[in-house]
Each structure stands twice: as C-alpha cells, then as structure tokens.
Amino acid sequence: MNAENYMKIEFPARSVNEGYARAAVAAFVSQLDPTLAELGDIKTAVSEAVTNAVVHAYPDEIGTIHIRARILPDSVLELVVKDHGVGIADVERARTPLYTTGGSERSGMGFTIMESFMDSLRVRSTAGKGTTVTMRRRIRHRGS
C-alpha cells in the first residue's frame with residue numbers, strides 16, 4: 001500500500017526517550033487533524049509499545065528502537081515499532097491481559113491497551129531476533 005507521507009526515527013532503548021517517541025508521532029499525525037481523544041489514544045499506544053521494548057527487549061543492554069509512521073489512503077495511520085532484542089517466546093500468551101515477564105511492578109496490560117486504542121494490532125516476534133508491533137488507526141474527518 002502506497003503511503004501518502006511517512007517518517008522514520010530510531011533512538012536508544014532508554015525510558016527517557018518514550019516522551020520523545022510520543023511527541024514525534026503526535027507531531028507527524030497532526031497533519032491528519034486528529035481530535036484530542038484520537039491523539040491521546042495514539043500517544044498512549046506509542047508509549048506502551050516503546051515501554052515494552054525498553055523493559056522487555058533489552059534486559060541486559062541498551063539496544064535500538066525503530067519507529068516508522070505512515071499515512072495511508074483514507075487517513076489511516078500505520079505505526080511500526082521494532083526492536084532487535086530478545087524477542088517474545090509466546091506472543092499469544094504475552095497478549096493475554098495481566099501477563100507479564102517484567103516483575104511485580106509491571107501491569108501486563110501493554111498489548112491490551114495498544115489493541116483497545118488502535119483499530120488493529122499485529123505482533124510478530126522471533127526469539128533472539130526481536131519484535132515488530134504494527135498498529136493502525138483511521139483518523140476520522142471532522143468535516144469542514
């Protein structure tokens with residue numbers, strides 16, 4: 001599918017960069033004139049995807065997180081958050097609400113939140129090679 005516009009960023013998997021990722025995606029999607037609610041949903045989904053990569057993908061090192069955002073036909077935003085970390089052994093189990101490998105301080109709701117705020121969510125992962133999270137959300141036209 002041809003993109004009408006796109007952006008790519010990469011940054012170290014440090015928790016301080018989660019805000020940068022939110023702001024960069026929010027600035028990019030602003031061209032679609034989203035409502036504040038839509039923008040909040042997208043920023044939250046980005047936060048969850050980036051936080052998952054920071055916490056789970058690179059437990060013993062600071063790796064790299066890649067984000068690609070594309071504007072597709074019909075005002076569809078596609079976000080891809082990718083890491084080259086440890087991967088997820090069982091994606092279906094990881095997508096189960098309240099399941100976490102991050103210890104008692106983690107809620108285990110990351111994928112559930114992403115899925116609830118976006119129109120679609122796809123998670124692909126290979127142990128030892130990393131994870132790719134692809135999310136899509138159609139931005140409604142507010143009328144002229």
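This is a short dialogue on reading a predicted model, from its overall layout down to one residue.

Me: Where do I start with the fold? How many helices and strands does the protein have?

Reply: Start with the elements and their order. The protein has 4 helices and 5 strands. Along the sequence they run β-α-α-β-β-α-α-β-β.

Me: What share of the residues is buried?

Reply: Of the 144 residues, 44% are buried. For the outside, take the accessible surface, about 7900 Å². Carbon and sulfur atoms account for 48% of that surface.

Me: How do I read contacts against sequence distance?

Reply: Take contacts between residues at least 6 apart in sequence. In this protein, 64% of them join residues at least 24 apart.

Me: How do I check the length of helix α1?

Reply: Compare the expected span with the model. Helix α1 covers residues 18–29, and its 12 residues should span 16 Å at 1.5 Å a residue. Its end C-alpha atoms lie 17 Å apart, which agrees.

Me: Which residues of α1 are buried, and how do I read such a list?

Reply: An α-helix has 3.6 residues a turn, so residues three or four places apart point the same way. In α1 the buried residues are Ala21, Ala24, Val25, Ala26, Phe28 and Val29. Their cover includes β1 (5–12), α2 (36–57), β2 (64–72) and β3 (76–83).

Me: Now a single residue. Is Thr131 buried or exposed?

Reply: Thr131 sits in strand β5, residues 130–138. Its relative accessible area is 8%, so Thr131 is buried; the cut-off is under 20%.

Me: What does Thr131 touch beyond four places in sequence?

Reply: Its contacts include Val81, Lys82, Asp83, Ile88 and Val123. Ser125 is also among them. The side chains of Thr131 and Ser125 make a polar contact of 2.7 Å.

Key
Residues numbered from 1 in each chain as written. Predicted model: local features only at pLDDT ≥ 70, side-chain atom pairs only at ≥ 80, totals over all residues. Heavy atoms only, no water. Helix = DSSP H or I, 4+ residues; strand = E, 2+ residues; numbered from the N terminus. Buried < 20%, exposed > 50% of the residue type's maximum accessible area, 1.4 Å probe, protein only. Polar contact = N/O pair within 3.5 Å; in protein donor to acceptor, adjacent residues only side chain to side chain. Contact = heavy atoms within 4.5 Å. Areas by Shrake-Rupley, 256 points an atom, 1.4 Å probe, with all protein chains shown as cover. Expected span 1.5 Å × (residues − 1).
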